Amino acid sequence: MIEIVLFNPEIPQNTGNVARLCAGTDTRLHLIEPLGFSLADRYLKRAGLDYWPHVRLSVWPDLQAFLDAGHASRRLVLTTSGNRGHAGTPYHRFAFHPDDLLIFGPESKGLPEWLLTAGHAAVRIPVSKNVRSHNLANAASILLYEALRQLGALPD
């Protein structure tokens, strides 16, 4: 089923909230190092509350190790705000597949150019001109729930 990948996340509270999202949807969470915090960070733990035992978490030293572990054959669905010329398909017009890997970049700069050009697909969440993008945890929630809705996989 769909999995979430946080590439070099920087803010522990966001990662904690995404972990809680993953626990609540039984979605595997992958963290690609380097991380901008320690996994023992109190803000990370606090945002995840008591849900951490239910998070199916894998931590990888780099993207290549993640891909070499058998994930390279899956579709990489990269997320973009569209601010750097990678417009991406609006998420509500994108057809998600059960084996998709939803990849989110670091909060301060998004996914690197080399990764955006190497991915299989790119999606974006349309926003008004008032903001550049949504918060990482909010974006992960929007995209994951849309993917689960499309696939008929929402928890009851």
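How many bridges join β4 to β6, and in which sense do the two strands run? I shall begin from that point in the sheet. The model before you is a predicted one. In this model, β4 and β6 run parallel and are joined by 3 bridges. Within that pairing, L76 stands opposite L101 of β6.

Let me now place this pair in the whole sheet. The sheet is open and has 7 strands, with parallel pairing, in the order β3-β2-β1-β6-β4-β7-β5. At its edges stand β3, residues 57-60, and β5, residues 89-90; each has a single partner strand, so one side of each is left without a neighbour in the sheet.

Helix α1, residues 12-25, packs on this sheet, where it touches β1 (3-7) and β2. The direction of α1 makes about 170 degrees with that of β1.

I return to β6, which covers residues 101-104. Both of its faces are covered. On one side L101 and I103 are buried, and on the other L102 and F104 are buried as well. L101, then, is both the residue opposite L76 and part of a buried face of β6. On the β1 side, β6 runs parallel to β1, and 4 bridges join the two strands. There, L102 is the bridge partner of I4.

On the other side of the order, β4, residues 76-79, also pairs with β7, residues 121-124. This pairing is again in the parallel sense and extends over 3 bridges. In it, V77 stands opposite A121 of β7.

I turn next to two residues that are partly exposed. Where does R20 lie? R20 lies in helix α1. Its relative accessibility is 35%, and because buried means under 20% and exposed over 50%, R20 counts as partly exposed. The C-alpha atom of R20 is separated by 26 Å from that of G88, a residue 68 positions away along the chain.

The second residue is L39, in the loop between β2 (29-32) and α2 (42-48). L39 has a relative accessibility of 32% and therefore also counts as partly exposed. Which residues form a nonpolar patch on the surface with L39? They are L57 and V59, and the three together have about 180 Å² of accessible area. Residues 57 and 59 fall within the range 57-60 of β3, a strand at the edge of the sheet.

To close, I would set two places side by side: β6, with buried residues on both faces, and the surface patch of L39, L57 and V59.

Conventions: Residues numbered from 1 in each chain as written. Predicted model: local features only at pLDDT ≥ 70, side-chain atom pairs only at ≥ 80, totals over all residues. Heavy atoms only, no water. Patch = residues over 30% accessible without salt bridge, like charges linked within 9 Å, V, L, I, M, F, W, Y side chains within 5 Å. Areas by Shrake-Rupley, 256 points an atom, 1.4 Å probe, with all protein chains shown as cover. Salt bridge = Lys/Arg side-chain N within 4 Å of Asp/Glu carboxyl O. Buried < 20%, exposed > 50% of the residue type's maximum accessible area, 1.4 Å probe, protein only. Pairing = 2+ DSSP bridges. Contact = heavy atoms within 4.5 Å. Axes fitted to C-alpha atoms, helices over the stretch in contact; angles between N-to-C directions.
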